[in-house]
Amino acid sequence: MLDIKFIRENPEKFKKGLKKKLVDFDVAYLLEVDEKRRLKIKEVDDLRHRHKEHSDAIAKASGNERVEMIEKVKMEKQKLEYTAFELRTIEDEFQELMYKIPNLPLEDVPEGKDERENVVMREVGEKLEFGFAPRDYFAIAKDLGLIDTERAAKVSGSRFGYIKGDLARLEFALVHFAFERLMAHGFMPIVPPVIIKEEMMQKLGYVDTEKDKAERYFLPEDKMYFVGTAEQSLVPMHADEILDEKNMPMRYAGFSTCFRREAGSYGKDTQGILRVHQFDKVEMVIFASSNTARAEHERMIAIEEELMQALGIPYRVVALCTGDTAKPSARTVDIEAWLPGQNNGKGEYRETHSSSNTTDFQARRLNIKLRRTDGKLECAHILNGTAFAIGRMIIAILENYQQEDGSIKIPEVLQKYMGGMEIISADKKI
RNA sequence: GGAGGCGUCGCAUAGUGGCCUAGUGCGCUCGCUUGGAAAGCGAGUAGACCUUAACCGGUCUCGGAGGUUCGAAUCCUCCCGCCUCCGCCA
């Protein structure tokens with residue numbers, strides 16, 4: 001949610017931002033409702049003030065006088081209740097409008113309509129020459145008996161997978177490695193809840209539309225949502241709190257399973273484990289002040305790149321354009337890993353990381369404040385970014401580290417987390 | 001899942017229908033005092049919204065949402081959280 005005062009005082013800036021995000025919104029109408037709302041608040045406050053005074057007077061009166069006063073105040077109360085009801089109606093409409101408004105893009109976000117206008121900032125890492133036709137990760141993994149989606153379909157349905165054997169170990173190697181690196185960068189590792197209250201999901205702004213809701217798993221009996229990322233569990237951790245600028249930035253690294261219904265992607269990426277209903281991820285969440293949020297975002301991107309470089313996987317950094325940036329985000333930068341086995345062995349980039357600066361957008365609805373060193377309060381700035389989406393990192397490793405004989409080399413930095421193992425091969429059957 | 005108890009200003013506590021514009025203690029901030037410090041004394045110590053150039057002022061918030069009442073921290077209902085006991089359980 002944006003600050004209505006900002007909108008009221010900077011309507012032109014606001015309109016410009018909305019236009020960049022390709023959001024059609026009647027600003028004049030919002031300001032009209034806001035005006036009505038403020039007048040009605042004044043009216044209700046005044047009526048209530050009088051009502052309180054009269055009630056206090058009753059306490060001091062007695063006998064007939066008292067009875068008469070009560071009768072009179074009863075009449076006034078009806079008027080008050082009706083006016084309060086009018087206010088509530090206006091407030092409801094006002095809030096509904098406010099919830100529709102997306103976060104505004106930062107100035108350095110490239111303007112554009114959709115993902116085709118995203119801007120590649122840089123390509124890093126050398127794409128390997130294999131000397132043979134690099135294969136698709138899924139073919140490699142099936143040959144080695146490391147991914148089983150057929151039995152997963154039997155047990156759970158489509159878009160699930162069993163990740164087996166040395167690949168299961170590789171998952172934990174990745175988690176372990178990510179945790180160690182992130183801790184060195186001042187992150188606190190966290191294993192958060194993966195089921196959260198409806199109230200929190202609403203405040204995060206992830207179930208504002210039917211389309212949003214269709215993407216989430218919901219438990220109606222408990223009125224709870226499964227998280228689609230640890231961010232949804234880590235950000236509301238500080239709901240209704242006032243953080244201290246002295247403790248900023250607060251950096252969290254959450255490991256969680258992520259649940260996604262993939263409602264809008266029927267028929268897309270149906271093979272393998274690239275797009276599944278359930279995967280594990282190490283996610284970064286940072287709480288920062290308005291002064292440092294931007295630098296923290298750069299830092300977060302740098303960490304993502306550091307992790308990719310440590311694994312030796314070529315990637316490119318992509319700045320999402322205004323039209324492709326999600327509602328709560330003011331700026332989003334993705335990392336796409338090079339997957340040499342895709343596109344019939346010609347290779348292609350696929351998204352593995354995404355980091356967003358949501359500025360104070362999420363914090364306002366979740367009521368997360370920050371006490372600045374000068375004593376003033378502001379809404380906290382919140383950022384989130386991927387450290388490792390495990391499934392997709394496994395894919396990237398399988399394709400980039402495949403050998404001609406069908407085995408997989410293990411990236412050097414991960415070997416120590418797998419008991420010194422260097423190669424995953426079909427030799428030992430489990 | 002069953003029974004009971006509790007949720008008040010940063011912390012601790014008082015408050016069981018109008019004297020609560022929520023008292024007191026601690027903590028914190030500022031000032032006085034002091035060679036300096038402690039103690040002492042004095043003042044201040046939430047947030048949201050409305051109004052204002054600002055000051056002032058008004059409204060709301062005693063876990064949350066409703067309700068009863070002219071009037072609710074206080075009474076009623078539901079929800080959330082915590083604690084104790086029992087049951088179940090990794």
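Two residues are in contact if their C-beta atoms, placed from the backbone, lie within 7 Å. With that in hand, here are the views of this predicted model.

**Figure 1. Overview of chain A in the predicted model.** Of the contacts in chain A with a separation of 6 or more, 72% join residues 24 or more positions apart. The chain holds 15 helices and 18 strands, and its C-alpha trace spans about 100 × 45 × 45 Å along the principal axes. Among the 430 residues of chain A, 35% are buried.

**Figure 2. The two domains of chain A and where they meet.** The domain assignment places residues 4-100 in domain 1 and residues 115-424 in domain 2. Taken over C-alpha atoms, the centres of domain 1 and domain 2 are 43 Å apart. How many residues of domain 1 are in contact with domain 2? Four residues of domain 1 are, and they touch four residues of domain 2. On the side of domain 1 that touches domain 2, two residues are nonpolar, two are charged and no polar residue appears.

**Figure 3. The surface of the protein near RNA strand B.** Here we turn to the 15 residues around RNA strand B, of which Asp45, His49, Ser55, Ile58 and Ala59 come nearest. Helices α3 (27-60) and α4 (63-100) each supply at least two residues of this surface. Which of the elements gives the most to the surface near RNA strand B? That is α3, with ten residues. Sorted by class, the surface has seven charged, six nonpolar and two polar residues.

**Figure 4. The largest nonpolar core, with Phe388 in the middle of the story.** In soluble globular proteins, nonpolar side chains tend to be buried together. The largest nonpolar core of this model has 73 residues, of which Ala141, Leu174, Ala178 and Phe388 touch the most other members. Helix α7 (residues 165-184) gives the most to this core, with eight residues. Follow Phe388 and, leaving aside its neighbours within four places in sequence, you will find Leu174, Ala178, Lys281, Val282, Leu307 and Met393 in contact with Phe388. A second core, separate from this one, has five residues, including Val109, Val318, Leu320 and Cys321.

**Figure 5. An open sheet of three strands, β5-β7-β6.** Strands of a sheet pair through backbone hydrogen bonds, either parallel or antiparallel. In this sheet the order is β5-β7-β6 and the pairing is antiparallel. Why is one side of β5 (195-197) and one side of β6 (218-219) left without a neighbour in the sheet? Both strands stand at the edges and each has a single partner strand, so one side of each has no neighbour there. Strand β5 pairs with β7 (residues 224-226) over three bridges. To find your way along this pair, look for Lys197, which stands opposite Met224 in β7.

**Figure 6. Antiparallel pairing of β13 with β12 and with β16.** Strand β12 (residues 331-339) and strand β13 (residues 348-357) run antiparallel and are joined by nine bridges. Glu336 has Glu351 of β13 as its bridge partner. Strand β13 also pairs in the antiparallel sense with β16 (residues 381-389), over three bridges. Here the bridge partner of Ser356 is Asn384 in β16. In a regular strand the side chains alternate between the two faces of the sheet.

**Figure 7. Backbone details in three loops, at Arg159, Asp240 and Pro249.** Start with Arg159, which lies in the loop between α6 (149-155) and β3 (162-163). Arg159 is not a glycine, although its phi is positive, at about 65 degrees. Is Arg159 buried or exposed? Arg159 has 21 other C-beta atoms within 10 Å, so it is buried, as 20 or more are needed for that class. Asp240 sits in the loop between α10 (231-234) and β8, and has a positive phi of about 60 degrees although it is not a glycine. With 10 C-beta neighbours inside 10 Å, Asp240 counts as exposed, the limit for that class being 12 or fewer. The last stop is the loop between β8 (241-244) and β9 (250-259), where Pro249 lies. The peptide bond from Met248 to Pro249 is cis, with omega near -10 degrees.

Technical notes:
Residues numbered from 1 in each chain as written. Chains lettered and ligands numbered in written order. Predicted model: local features only at pLDDT ≥ 70, side-chain atom pairs only at ≥ 80, totals over all residues. Pairing = 2+ DSSP bridges. Helix = DSSP H or I, 4+ residues; strand = E, 2+ residues; numbered from the N terminus. Near = placed C-beta within 6 Å. Nonpolar A, V, L, I, M, F, W, Y, C, P; charged D, E, K, R; others polar. Domains from an automatic or database assignment. Core = buried A, V, L, I, M, F, W, Y, C linked by C-beta atoms within 7 Å.
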